[in-house]
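Before the terms are put to use, it helps to ask what each one requires. The exchange below takes them in turn.

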Amino acid sequence: MAALLLLILILLPVTTLAEPVHDSSALKAQSGRTEPLTISEVLARIELTHPLLRATGVERIEARAKILKALGAWEPTFKNETEAGRYQVWNFLALRQEQTGGFNDTTLAVGHPWGFRIEGGIRNGFGDRFTQSATTYIADVQLFYHTQQALFAGEAHLLRGFMINEEYAEFQKAELAGPQAEITVAQKRQDLYLAGAVQYWDWQVAVKQSEVQQRALAVAEERFTQIEGQAKRGLASPLDVIEARQEVQRRREIAIAAQRKVEYEQYHLSLYLWENGEPVTPRPEWAPEFQGETPLPTKDEIAAYKVEAKEDRPEVREIYIEAKMNNIDIKLAKNHLLPKLDFKGGQMPYALDWVVGIGYRFEANFEMPLFQRKGRGEVMYAEADQQQLVMKQLYTEQQVSVDVDNWLSAIVRARDRVKAATEALRLAKTLEEGERTRFNMGASTVLFVNVRERNVVTQAYQLYRAQADYAVARGGMLWARGLLSKPWPQSELVKYGNPVTAAGMNGYKRPGRD
């Protein structure tokens with residue numbers, strides 16, 4: 001019966017590990033690649049080709065569009081207008097005279113952000129008013145002949161609206177849209193850099209863990225073959241054969257799951273590696289070894305990091321932009337507390353008024369709300385926003401300082417974990433070798449050898465995970481300092497693409513454009 005059971009187990013079909021699936025056509029161009037995939041290349045490719053970074057760069061174009069739109073308030077405007085009028089003069093019930101007169105105006109109007117506008121041009125008169133009598137002349141600013149006149153007009157805000165007005169405030173905010181767009185790009189860049197780096201190290205851990213599982217499976221298969229041969233010669237019991245075969249199947253299942261984990265992580269990592277408009281799926285053989293330990297920063301360096309973070313982190317810089325916009329709102333609101341005193345002057349806009357001899361008009365308008373409720377409400381609202389920004393700025397600056405301390409703690413603890421995991425792995429391997437020696441001498445069983453080998457695999461994963469966390473902590477410190485919000489060095493970018501057409505440069509004005 002034992003021999004029959006052994007024969008059945010031997011003849012059962014054996015499941016083999018599937019080959020990794022690669023569905024990226026861009027990967028064919030790198031099929032002969034031998035060098036490892038470094039974190040520097042991952043970040044460089046994000047800067048060069050990532051679609052989300054390119055999409056965020058469009059906000060630079062939108063910022064320039066806001067400026068153009070705001071400048072339209074003072075756009076030089078060419079005008080040409082023709083008017084004609086027919087009028088009759090009555091003497092009680094008897095019609096005395098009927099005449100036709102009109103003019104054609106050609107003018108150019110120009111505005112200024114400070115709240116005044118000027119206009120100048122030429123008026124040419126026509127009609128019975130000027131053809132019937134050669135002695136009829138234009139009294140005001142006559143030009144080359146008696147029906148041609150020079151035109152002058154203008155308007156200005158002398159109190160409310162002078163230098164500070166709605167159009168000028170909108171233009172000043174539009175000018176801040178450019179720096180605000182750069183902050184948005186920097187925010188997206190640092191988020192993509194950190195997310196891509198974390199995904200890169202997760203992929204690296206998955207590949208290393210899969211390699212460990214593959215080696216453990218190979219050892220179990222070799223032991224199964226050895227025990228199977230011993231059983232055929234009567235040197236081992238059938239239960240040992242079953243134990244060895246069960247361990248092979250168990251490790252094969254774990255290895256398949258580890259291979260799936262590799263494919264899961266590599267597909268997610270491919271979303272940060274783009275080439276020719278499609279993601280590149282990295283191969284497991286591209287995974288490098290983990291880097292060693294680096295010196296910890298000193299107290300002076302940590303203090304400098306905090307100052308650097310308060311200057312470079314996009315979160316802090318965004319509050320500064322919001323504060324500038326709020327100052328514009330406060331100035332505009334306080335300007336609304338002033339009385340309104342506007343002055344206008346220029347030619348008469350109607351043909352009849354001009355024909356009968358009235359050529360120019362001037363007017364002044366004065367208004368002042370008695371209680372200034374609207375103006376005081378606008379000032380109160382803007383000052384309340386200012387108080388909120390002060391509290392928000394205080395919190396954000398402290399937050400970035402805490403981020404530096406937090407990632408320093410992560411670096412220290414991850415470094416300690418790497419040391420502890422390294423020693424634990426060394427001890428586990430020592431126990432494994434000892435147990436294997438005892439087994440070869442007949443003083444142990446397959447079960448105890450399997451337990452020792454499983455412990456080695458577990459400790460190896462713990463070491464890889466600690467090494468990955470240490471790398472993440474180092475990258476997190478760069479993020480906390482605000483360094484990841486800046487473009488990756490150009491010396492690295494040129495290795496993988498053209499920095500001029502990089503995704504992070506999208507929306508920048510270049511020679512020959514705009």
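Q: What makes a set of grid points a pocket, and how is a volume obtained from it?
A: On a 1 Å grid over the protein atoms alone, a pocket is an open set with protein on both sides within 12 Å along at least five of seven lines, and lining residues have an atom within 4 Å of a point. Grid points are joined across faces, edges and corners, and the volume is the space filled by probe spheres set on the points; by that reckoning the largest pocket holds about 610 Å³. The model is a predicted one, in which local features need pLDDT of at least 70 and side-chain atom pairs pLDDT 80 or more, while totals for chains, interfaces and linings use all residues. Residues are numbered from 1 along each chain as its sequence is written, and side-chain values use heavy atoms, without hydrogens and water.

Q: Which residues lie nearest the centre of the largest pocket?
A: Among its 31 lining residues, these are Trp201, Gln291, Ala471, Arg474 and Gly475. The element that gives the most to this lining is α11, with eight residues.

Q: How many residues of each class line the second largest pocket?
A: Ala, Val, Leu, Ile, Met, Phe, Trp, Tyr, Cys and Pro count as nonpolar, Asp, Glu, Lys and Arg as charged, and the others, Gly among them, as polar; on that basis this lining has five nonpolar, six polar and 10 charged residues. The volume of the second largest pocket is about 410 Å³.

Q: What share of the protein chain is called buried?
A: Buried means under 20% relative accessible area (1.4 Å probe, protein chains only), and 41% of the 514 residues meet that description.

Definitions and conventions
Buried < 20%, exposed > 50% of the residue type's maximum accessible area, 1.4 Å probe, protein only. 1 Å grid on protein atoms, 1.4 Å probe; cavity = no way out; pocket = protein on both sides within 12 Å on 5 of 7 lines; lining within 4 Å. Helix = DSSP H or I, 4+ residues; strand = E, 2+ residues; numbered from the N terminus.
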